[in-house]
Amino acid sequence: MKPLRIALTKGRLEKSTVALFEKLGYNCDEIHNKGRRLILNIGDGDFEVVLAKAADVITYVEHGVCDLGVVGKDTILENGTSFYELLDLGFGRCKFALACKKGHNFYHGYDAKTIATKYPNVTRKFFENKNMDVRVIKIEGSVELAPLVGLADGIVDIVETGSTLKANNLEVIEDVTTISARLIANTASLKLRKNEIEDLVRKMEAEVK
Ligand code: PRP
């Protein structure tokens with residue numbers, strides 16, 4: 001049978017996922033020496049790994065061209081859930097937070113606030129739960145800039161160490177939710193390749209506890 005195919009988020013989560021597979025005893029040399037290649041084998045042909053951007057990991061898994069995926073809860077919350085979330089992998093821990101310029105009284109006044117974010121769905125839901133009308137502006141990166149240049153009253157963004165906020169004289173007003181990396185599965189793969197997937201989940205579970 002062909003190996004299980006896993007979509008893996010490139011970058012920060014990639015390193016921790018590779019470390020996890022190595023702890024489970026799978027050889028990851030191909031990934032360490034990948035150069036510009038995007039499809040790689042790990043173990044003794046046990047798994048085929050596809051390296052992709054976070055939102056694309058979900059697309060590949062939803063369409064069934066990858067059986068499994070490793071992706072942050074941030075991307076899951078923003079991009080929908082037509083797949084199974086199997087396991088909290090414990091790494092990639094950070095949080096979504098609402099932040100604004102230090103000393104700025106964000107909730108003052110009755111005008112609808114403007115929020116800049118890379119995560120408009122998460123942001124809308126957060127303010128809907130507060131029954132607060134906001135204008136959401138989608139930004140592609142370095143969201144911290146928006147309140148500094150006067151585009152937004154606040155931002156909803158990922159905070160890990162807090163150093164980006166601090167360096168730009170911004171502060172957290174409220175935490176939105178905590179985030180970590182998740183193992184996800186295509187719904188059909190979970191039925192068709194149940195034993196192999198459950199075997200991997202059991203091994204991972206034992207390691208990340
Ligand atoms: C993320 C996030 C913050 C920063 C938070 O950005 O959007 O800017 O990391 O980390 P910290 O709390 O440890 O400072 P990323 O590095 O992914 O870049 P981007 O915003 O340009 O996408």
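In this predicted model, leucine 151 sits in the loop that runs between α6 (145-149) and β9 (154-159). With a relative accessible area of 38%, leucine 151 is partly exposed. Together with Leu145, Leu148 and Val149, Leu151 makes a nonpolar surface patch of about 350 Å². Since a patch residue must have over 30% relative accessible area, the 38% of leucine 151 meets that requirement.

A second patch carries charge rather than nonpolar side chains: Lys10, Arg36, Lys53 and Lys118 form a positive surface patch. Lysine 118 belongs to the loop between β7 (113-117) and α5 (120-129). The relative accessible area of lysine 118 is 33%, so this residue counts as partly exposed.

Lysine 118 also enters the description of glutamate 144, a residue of the loop between β8 and α6. Glutamate 144 is buried and yet has no salt bridge. Lysine 118 is the nearest side chain of opposite charge, but it is 7.4 Å away, and a salt bridge calls for a side-chain nitrogen within 4 Å of a carboxyl oxygen. As for the surroundings of glutamate 144, its contacts beyond neighbours within four places in sequence are Ile155, Asp157, Thr164, Leu165, Asn168 and Leu170.

The loop between β8 (134-138) and α6 also holds serine 142. Here the backbone deserves a look, as phi of serine 142 is near 45 degrees, a positive value in a residue other than glycine. Most residues other than glycine have a negative phi. Serine 142 is exposed, its relative accessible area being 54%, whereas glutamate 144, in the loop between β8 and α6, is buried.

Asparagine 169 likewise has a positive phi, of about 60 degrees, although it is not a glycine. Its place is the loop between α7 (163-167) and β10 (170-179). Asparagine 169 counts as partly exposed, at 46% relative accessibility. The residues on either side in sequence, Asn168 and Leu170, are both among the contacts of glutamate 144.

Leucine 183 offers a view of the interior. This residue lies in strand β11 (residues 181-185) and counts as buried, because its relative accessibility is 0%. Not counting residues up to four places away in sequence, leucine 183 touches Leu68, Gly69, Val70, Tyr84, Glu85, Leu86, Leu87, Leu89, Val201 and Met204. A further link between separate parts of the sequence is seen in the backbone: the C-alpha atoms of leucine 183 and aspartate 88 are separated by 6.6 Å, although the two residues are 95 residues apart along the chain.

For the chain as a whole, the secondary structure comes to nine helices and eleven strands. Of the contacts in the chain with a separation of 6 or more, 67% are between residues 24 or more positions apart. Buried residues account for 43% of the 209 residues. Along the principal axes, the C-alpha atoms fill a box of roughly 60 × 30 × 30 Å. The chain exposes about 11,500 Å², and 46% of that area is supplied by carbon and sulfur atoms. Finally, the chain has 30 positive and 30 negative charges, and the mean positions of these two sets are 2 Å apart.

Definitions and conventions
Residues numbered from 1 in each chain as written. Predicted model: local features only at pLDDT ≥ 70, side-chain atom pairs only at ≥ 80, totals over all residues. Heavy atoms only, no water. Patch = residues over 30% accessible without salt bridge, like charges linked within 9 Å, V, L, I, M, F, W, Y side chains within 5 Å. Areas by Shrake-Rupley, 256 points an atom, 1.4 Å probe, with all protein chains shown as cover. Lys, Arg positive; Asp, Glu negative; His and termini not counted. Charge placed at Lys NZ, Arg CZ, Asp CG, Glu CD. Helix = DSSP H or I, 4+ residues; strand = E, 2+ residues; numbered from the N terminus. Buried < 20%, exposed > 50% of the residue type's maximum accessible area, 1.4 Å probe, protein only. Contact = heavy atoms within 4.5 Å.
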